[in-house]
Amino acid sequence: MDFLDRILSWGMRAPDRVAHVSATRRMSYGELVGRAATLARELATTLPNDRAPVALVGHREPQLLVGMLGCALANHPYVPIDDALPAPRVARIQEIARVATTLTPDDIDRLAPVGSALPAPLARAGDDRFYIMFTSGSTGEPKGVQVTRGNLAAFIDWMLGEQAFTPGGEVFLNQANFSFDLSVMDTYLSLVTGGTLVSATRDHVADLRALFTLLRETPFTTWVSTPTFAGMCLAEPAFSASMLPRLRRFLFCGEVLPREVARALLARFPSAAVWNTYGPTEATVATTSVRLDHAMVEANDALPVGRAMQGTWVEVVDADGRVVPEGGRGEIVIAGPNVSPGYLGRDDLTRARFTRRHGHRAYRTGDWGRYRGDQLFCEGRMDQQVKLRGYRIELGEIEAHLRDVSGVRDAAVVLVVRDGTPHSLVALLLAEDARGDREALAREAKAALAAQLPAYMVPRRLRVVDRFPMTANGKVDRAALAAEAGAR
């Protein structure tokens, strides 16, 4: 059964089951499916049949799920846009996407106030665009990654086969904005399995007391977040199995999972599986996965990201596209049915990053990687390189060494630029023990780096901080870190 049909079927089989919770708002499957049908009929009536994109601007309101399904039923790809973005950025995304219309939660309430019977099913094809997710571009211009129905189906089928979710029995944490593709993991896996999706709003993130109240009062079974978000929660000693007694699994994606975060989660949640996954937006959320255990965490300074999903190829290649021997370092390339057809309106970028391998579309990730046995290790961005006093430095390498220092839970290294000139490296650390001696930990970490790295790679200053600033997507906000470090 098509994944969209699976979602619609829950509206008939269990109309009263709660599909989504955001703050005090709840939406049942019956309401979700019925209102999506009403919206689809409205879109089919008012928009030309050209499958032009529809922008959905909001936060994590239930109405946005109505918008997503309504667009899918009407065969219009949706473009999720966070309403916290500056107005010029929103306007530029709308312009690049050439959207047919823009819908806010209020618009959806007006157009689809109540549900109705499902419309006649429209013809669907695997290469139909399902959504367009915009990411940051290296030139400052946002890039629209086109994801097809077939791409999303491949991802969903893989995750359903691997995770063995309980139909109708899962409660998913939604931490990421709907404009960040990590949210695709929790949103669609929840809806396809008849689960309940519970969103942590901006208010929860801004007030940790409210966040931990949400965690205590919600019977979460599946945790989906960035590692940074989980690391922030670990600063609270009560964040453990007693707070989340029904939790079955952690699913991480979007950035590096530090070893200390994984170690702490395995200790505090002995009955929950900790999964590390990897994949860029261009390959539909994630392509590799591994369930971590104590032995794997202790054996590796940097954690593996696992094996490729069935039916895909994840290879490490040299500059000429040849697969490097096991243990060799190269660029990670992904080929398979989950790979996007490319960037919207940017044929130049598509030609530069997308190719074909093994009879499928393939994407050059720009990430360093290597295989050790059958496990893939991602070693950071090929372009996460800075130049300081003539030396080329990989910031990710310094961070990896810092995470291996006893007492350091996570680390971020930034380059401070003054008057347009690279000035120095600064390392910000999160401590395992928030009440410990911060200055002593910073000294120990600096000494550990000096014993392993060239002097030019040892940050001039190391500081222990309470938390890292986060972007709206739950990743470390490196621009804010660099600005803070420079100001000090």
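The paragraphs below lead through a predicted model, beginning with one strand and its neighbours and going on to ring contacts and salt bridges.

A good place to start is strand β9, which covers residues 196-199. In a regular strand the side chains alternate between the two faces of the sheet. In β9, Thr 196 and Val 198 point to one side while Leu 197 and Ser 199 point to the other, and all of these residues are buried, so that both faces of the strand are covered. Strand β9 pairs with strand β1 (residues 18-22) in the parallel sense, over 3 bridges, and within this pairing Ser 22 stands opposite Ser 199. Strand β8 (residues 171-174) also runs parallel to β9 and is joined to it by 4 bridges, with Leu 173 standing opposite Val 198. To get from β8 to β9 the chain passes through helix α7 (residues 182-192), and this β-α-β crossover is right-handed.

The aromatic rings come next, and the model has 16 aromatic pairs. In one of them, Phe 155 and Trp 158 meet edge-to-face, with 6.1 Å from centre to centre and 65° between the planes. These two residues are 3 apart in helix α6 (residues 149-163), which means that about one helical turn separates them, and both Phe 155 and Trp 158 are buried. Another pair is made by Phe 239 and Phe 269, whose ring centres are 5.1 Å apart and whose planes stand at 65°, so this pair is also edge-to-face. Here the partners come from distant parts of the chain, 30 residues apart: Phe 239 is in the loop between α10 (227-234) and β11 (249-252), whereas Phe 269 is in the loop between α11 (259-268) and β12 (273-278). Both Phe 239 and Phe 269 are buried, and they belong to one aromatic cluster that also includes Phe 212, Trp 223, Phe 229, Phe 250 and Phe 252.

Rings can be followed to charged groups as well. Arg 13 lies over the face of Trp 10, at 3.9 Å from the ring centre, and the charged end of Arg 329 sits over the ring of Trp 368, 4.2 Å from its centre.

Side chains of opposite charge can pair when their charged atoms come close. The structure holds 27 salt bridges, and one of these joins the side chains of Asp 82 and Arg 202, at 2.7 Å from N to O. This pair links distant parts of the chain, since Asp 82 is in strand β4 (residues 78-82) and Arg 202 is in helix α8 (residues 202-206), 120 residues apart. Asp 82 has 4% relative accessibility and therefore counts as buried, while Arg 202, at 36%, counts as partly exposed.

A salt bridge also joins Arg 259 and Asp 301, at 3.7 Å from N to O. Because Arg 259 lies in helix α11 and Asp 301 in the loop between α12 (294-299) and β14 (307-308), the pair ties together parts that are 42 residues apart in sequence; Arg 259 is buried, with a relative accessible area of 8%.

In a further example, Glu 315 and Arg 357 meet at 2.9 Å from N to O. Glu 315 lies in strand β15 (residues 313-317) and Arg 357 in strand β18 (residues 354-357), so this salt bridge ties together parts that are 42 residues apart in sequence, and both residues are buried. Elsewhere, salt bridges with shared partners join Glu 399, Arg 403, Asp 410 and Arg 478 into one network.

Notes:
Residues are numbered from 1 along each chain as its sequence is written. This is a predicted model: local features need pLDDT of at least 70, side-chain atom pairs count only at pLDDT 80 or more; totals for chains, interfaces and linings use all residues. Side-chain values use heavy atoms; hydrogens and water are left out. Buried means under 20% relative accessible area, exposed over 50%, partly exposed in between (1.4 Å probe, protein chains only). Two strands pair if DSSP finds at least two bridges between them. A crossover is right-handed if, with the strands pointing away from the viewer, the path from the first strand over the helix to the second runs clockwise. Rings of Phe, Tyr and Trp (its six-membered ring) pair if their centres lie within 6.5 Å; planes under 30 degrees apart count as stacked, over 60 as edge-to-face and the rest as tilted. A charge sits over a ring if NZ of Lys or CZ of Arg is within 6 Å of the ring centre and within 35 degrees of the ring normal. A salt bridge is a side-chain nitrogen of Lys or Arg within 4 Å of a carboxyl oxygen of Asp or Glu.
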